[in-house]
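Thank you all for coming. Please have a look at the chains on the screen, and then I will walk you through a few of their contacts and strands.

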Protein chains: 4
Amino acid sequence: MEDAFMRTLGLEVRHLAPGEAVVAGVVGEAHLNLHGTAHGGFLYALADSAFALASNSRGPAVALSCRMDYFRPLSAGARVEARAQEVNLSRRTATYRVEVVSEGKLVALFTGTVFRLEGNAFPGSGEGLPSGQNAWRKEEVEG
Amino acid sequence: MEDAFMRTLGLEVRHLAPGEAVVAGVVGEAHLNLHGTAHGGFLYALADSAFALASNSRGPAVALSCRMDYFRPLSAGARVEARAQEVNLSRRTATYRVEVVSEGKLVALFTGTVFRLEGNAFPGSGEGLPSGQNAWRKEEVEG
Amino acid sequence: MEDAFMRTLGLEVRHLAPGEAVVAGVVGEAHLNLHGTAHGGFLYALADSAFALASNSRGPAVALSCRMDYFRPLSAGARVEARAQEVNLSRRTATYRVEVVSEGKLVALFTGTVFRLEGNAFPGSGEGLPSGQNAWRKEEVEG
Amino acid sequence: MEDAFMRTLGLEVRHLAPGEAVVAGVVGEAHLNLHGTAHGGFLYALADSAFALASNSRGPAVALSCRMDYFRPLSAGARVEARAQEVNLSRRTATYRVEVVSEGKLVALFTGTVFRLEGNAFPGSGEGLPSGQNAWRKEEVEG
């Protein structure tokens, strides 16, 4: 399930379900910044990977806009996990919250929105999704 | 000037001056996502690296909150550059805008804010500014 | 507890405790945009008010950077509530998540970070920072 | 051109062209927060109004995700202007940068992304925009 970039960073998928995902990694020497702590880009890549898996579980989607808030630095050797949950699922967009956690502490918070490439395909609307793909969409909204 | 994570991703500093930086890279096979395009985390790491260099040019600083807007996908082999500019410099925080560009097109836009660890200490000003010398500090801004 | 802008918009504080706040309002004709639904600025002002109350409950703080994700439109007459919770509290910054809810549905999600003007003071929290950690904060700022 | 909420806040449109807009206002006593400065929600509403006008100039659009960075406080009586410019225009989404300026100084920076409700209406695709309206759409993207 891991893509090439995740493999490059040693990231592993721990959990994947409709609208959610957990990805884990370890801060290595190759992932440090000039302060000697985990590079902001490494932590973001971890969160972004969980976000991508969670959002693509709803059908193909591409990231539009993401926010990353950093709370604490991590040293080399730290184990860290990104836990993505769906906050909103609409026809053409969806938003996810990803908590980046290490040793039980919140290290960073990621919020991301995707554009859903086949978002208009809704069974109820007669646009024809294969039926297995839409159990989840119950809370569909707007007009 | 490159840190460990930048080296891991093959990123190079092209320009560095007070409040600004340019970092360049090439999208490799190791940087792709499941769609076969540059991983959002790779592009963010590129932008974040320019942001870190630009902000730390004002003294030690740590990222607080960043936003990344994605506009177009990049394929393997694409050359890409992140150009960071200072938008605001205050005593304890500073904000940067980073344009991610490939072949003359805007690929993504990054906006990031740092907390300045020694916010009152200004290089070259002899640290610990007498109160009269702060007039400039808020609207530092571009050159 | 309401400030002038909250009164202008008819917003009321429903709950206030350390690190959290709930603010409520009603979408009036005066708050609509050209689409005839609640103006994005009105919903943001509601969320921002809860954020300000929650963050200032920890001592004086000013907003640095906020994100607002919009999920559904609201019509005139809709009752709406913003519920702010603390996501992270550090010495000099803090981050809050604010859910904007109407009729049990998530209308928008706000994420905001403040700079804490007297950041080292943790009244009543008894979390007891080792005193040595405050040395740096000498350059305390504006009042 | 002003909507109901803009009139409530005394905001005026100063400029409107495809992909850009300028909105102006004055910080009144009714717009202050508990610190006695312009409420963050008032400044956001100003920026958001310019963003809405600029984005809707391309056809109907709704806000998805916005960021507001605050740089300096404004006192009652201050004149303030929000200047929106298009950063990216794609088929289904568009992103704008809005500078909030007072007395020549950057007070805040807003970045916002919209979903374009009729985004697929492209002349080249036979969906019929009057041809004069689309010189801009040159960089159409995605896959």
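**Where chain A meets chain B**

Let me begin with the area buried between chain A and chain B, which is about 2500 Å², with carbon and sulfur atoms giving 57% of that area; buried area here is the accessible area, taken with a 1.4 Å probe, that two parts lose on being put together, summed over both. On the side of chain A, F5(A), H39(A) and Y70(A) lose the most area to chain B, and together they make up 24% of what that side buries.

Before going on, I should say that this is a predicted model, in which local features need pLDDT of at least 70 and side-chain atom pairs count only at pLDDT 80 or more, while totals for chains, interfaces and linings use all residues. Residues are numbered from 1 along each chain as its sequence is written, chains are lettered from A and ligands numbered from 1 in the order in which they are written, and side-chain values use heavy atoms, with hydrogens and water left out.

If we count contacts, meaning heavy atoms within 4.5 Å, then 31 residues of chain A are in contact with 31 residues of chain B. How many salt bridges are there between chain A and chain B? The count is zero, where a salt bridge is a side-chain nitrogen of Lys or Arg within 4 Å of a carboxyl oxygen of Asp or Glu.

Which elements of chain A give two or more residues to the side that touches chain B? They are α1 (4-9), α2 (40-56) and β3 (61-70) of chain A, with helices (H or I, at least four residues) and strands (E, at least two) being DSSP runs, numbered from the N terminus. Of these, β3(A) gives the most, with nine residues.

That strand also has a partner across the interface, since I can add that β3(A) and strand β3 (residues 61-70) of chain B pair in the antiparallel sense over five bridges, two strands being paired if DSSP finds at least two bridges between them. Within this pairing, the bridge partner of S65(A) in β3(B) is D69(B).

**Salt bridges in the whole structure**

Over all chains, a search of the whole structure finds 20 salt bridges. One of them is in chain B, where the side chains of E86(B) and R58(B) meet at 2.7 Å, N to O. Because E86(B) lies in strand β4 (residues 79-89) of chain B and R58(B) in the loop between α2 (40-56) and β3 of chain B, the pair ties together parts that are 28 residues apart in sequence.

**Strands in chains C and D**

Turning to chain C, strand β1 (residues 12-17) and strand β2 (residues 20-26) run antiparallel and are joined by five bridges, with V13(C) standing opposite V23(C) in β2(C). The two strands form a hairpin with two residues between them, and G19(C) in the turn has a positive phi of about 80 degrees.

In chain D, strand β2 (residues 20-26) pairs with strand β4 (residues 79-89) in the antiparallel sense over seven bridges, and E20(D) has Q85(D) in β4(D) as its bridge partner. β4(D) is also joined by eight bridges to strand β5 (residues 93-102) of chain D, again antiparallel, and there A82(D) stands opposite V100(D).
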